[in-house]
Amino acid sequence: MKLDLVLRVGTKILLPFILVFALYVQFHGDYGPGGGFQAGVIAAGMVILYAIIFGVNKAKHIVPQALVEAMIPLGVLIYAGTGTVSLLLGYNYLDYTGFAGDFLRAHEWGILIVELGVLVTVSGTMIAMFYAFAERGR
Amino acid sequence: MMEALQKFATHYNYFVTIFLMVAGLYIVIARGNMIKKLVGLSLFQTSVYLLYLSPGKIVGGTAPIYDGAYQVYANPLPHVLMLTAIVVGVATIALGLALAVRINEAYGTVEEDEIFSKDGEI
Amino acid sequence: MNTKAAPEVVATPEVFVIMVLLTLLAAVTLAIIRQRNLFSVVILSSIYSFLMASIMIALDAVDVAMTEASVGAGISTVILLATLHLTKSVEYPAVRQVALPLFVCIVVAGALIWGSISLPPFGIADTPIHTHTAPRYIEMAKEHLMPPNIVTAVLADFRSFDTLGETTVIFTAGIGVLLLLKGRVKKMQGQDDTEKKGEA
């Protein structure tokens, strides 16, 4: 696979666009189709594409194993932490009304933070799964 | 006759859903290969997505993204439930595949019948 | 319940497209059942996922379609192929009898079809599913009490406990895969009896 010029150059051209699309899906989830789950999978797809074409070792220079393994619990922590913050602000668990003065604005902030947690966990899990399966074969 | 045909046309979604469900069930029961079984399991799972999404559709409606220009929307609740189910589904299928890989390392095969016969030898 | 004598048949090009796609889906499923080469099965299941995503778009479930296209056709295909790389890619010919599974499946299918006959017809608006919670969500979006994408709002706001649970399930599955597959590969002929078989 390393000798195939078209695949290598094509992948390098595609990668930034995949990442930008993942971020668009993540942050535009309030207004169009998308959200944390889809963005996480697309971001993980970028790393997996890179790992398939250039090898898992090179992919691990960009996204190290330790980072991926930290991402899996970190997302759940962000999600659950958001709920705790809303408790401390005097509302129910995961009720975002206290995050800002305006009702809609507060809920949009809450949704954004929670979706960020989902993104981190989903992309971390997918990359970790791919690394685990790919490493096993050697 | 006409009424039966009409019933068939209006319930075609459900009939295909049932076919997919039963096909997944058949693969899980009748096939011994564990990877094929997991593919069958994911067929079964996918049929459930269809079962949830079909009743939520309104012909002539639009996707549940609010805009002043439209009045009729599909029901958003099944979409929410299925969206999370898809991602959880692939995570659990990957867990099953990881188990299949470990079984292959331990027994040298993923065929159920061979594993049973090897267990008998020990 | 239904005041009309016969349910109104909705026949638009939209419905026709959905029916054609569903038929293609059933054909791909038949191919998956019959095919013994697991590599072909994986590619067929990828095609199946793309068809399913197209149907979801036709059913107005754009968020779900996006998820299915990226997860079902992307990640799940990659992981299945990685598994095939680690195991064998050909399924053995059947040694089991097919009569009993076929009988079980036909009975289940019959029961399900009998149950689905009385469901409301596809695509009409005045069914119970559309009269309970959905109008309230749309009303709230109309009054700008939640973001325009109703699915995201319901996912992360109304049902955020549910989503927290789902995220935890993904977390657990990821930890499980790492526990099963990370670490040294034990060879078949080595002293692999210490851990695996428990030395009965």
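**Exercises on a predicted model: Thr77(C) and the interface of chains C and A**

**Exercise 1.** In this predicted model, is Thr77(C) buried or exposed? Describe its surroundings.

*Solution.*
Step 1. The relative accessibility of Thr77(C) is 8%. Buried means under 20%, so Thr77(C) counts as buried.
Step 2. Thr77(C) lies in helix α3 of chain C, which covers residues 62-86.
Step 3. The Thr77(C) side chain comes to 2.9 Å from the backbone oxygen of Ala73(C).
Step 4. Leaving aside residues up to four places away in sequence, Thr77(C) is in contact with Val42(C), Ser46(C) and Gly72(C).

**Exercise 2.** Establish how much area chain C and chain A bury between them, and which residues of chain C lose the most area to chain A.

*Solution.*
Step 1. Each side is counted: 43 residues from chain C and 43 residues from chain A take part in the contact.
Step 2. The two chains bury about 3900 Å² between them, with 77% of it on carbon and sulfur atoms.
Step 3. On the chain C side, the most area is lost by Met66(C), Ile75(C) and Leu181(C), together 14% of what that side buries.

**Exercise 3.** Which residues form the salt bridge between chain C and chain A, and which helix of chain C gives the most to the side that touches chain A?

*Solution.*
Step 1. The rule finds 1 salt bridge across this interface. Its partners are Glu69(A) and Lys182(C), whose closest N and O atoms are 3.0 Å apart.
Step 2. Residue pairs in polar contact between the chains number 13 (both at pLDDT 80 or more).
Step 3. In chain C, α3, α7 (150-158) and α8 (160-181) each supply at least two residues of the side touching chain A. The most comes from α8(C), with 15 residues.
Step 4. By residue class, that side of chain C comprises 26 nonpolar, 13 polar and 4 charged residues.

How values were computed
Residues are numbered from 1 along each chain as its sequence is written. Chains are lettered from A and ligands numbered from 1 in the order in which they are written. This is a predicted model: local features need pLDDT of at least 70, side-chain atom pairs count only at pLDDT 80 or more; totals for chains, interfaces and linings use all residues. Side-chain values use heavy atoms; hydrogens and water are left out. Helices (H or I, at least four residues) and strands (E, at least two) are DSSP runs, numbered from the N terminus. Buried means under 20% relative accessible area, exposed over 50%, partly exposed in between (1.4 Å probe, protein chains only). A polar contact is a pair of N or O atoms within 3.5 Å; within protein, one must be able to donate a hydrogen and the other to accept it, and residues adjacent in sequence count only if both atoms are side-chain atoms. Contact means heavy atoms within 4.5 Å. Buried area is the accessible area (1.4 Å probe) that two parts lose on being put together, summed over both. A salt bridge is a side-chain nitrogen of Lys or Arg within 4 Å of a carboxyl oxygen of Asp or Glu. Ala, Val, Leu, Ile, Met, Phe, Trp, Tyr, Cys and Pro count as nonpolar, Asp, Glu, Lys and Arg as charged, and the others, Gly among them, as polar.
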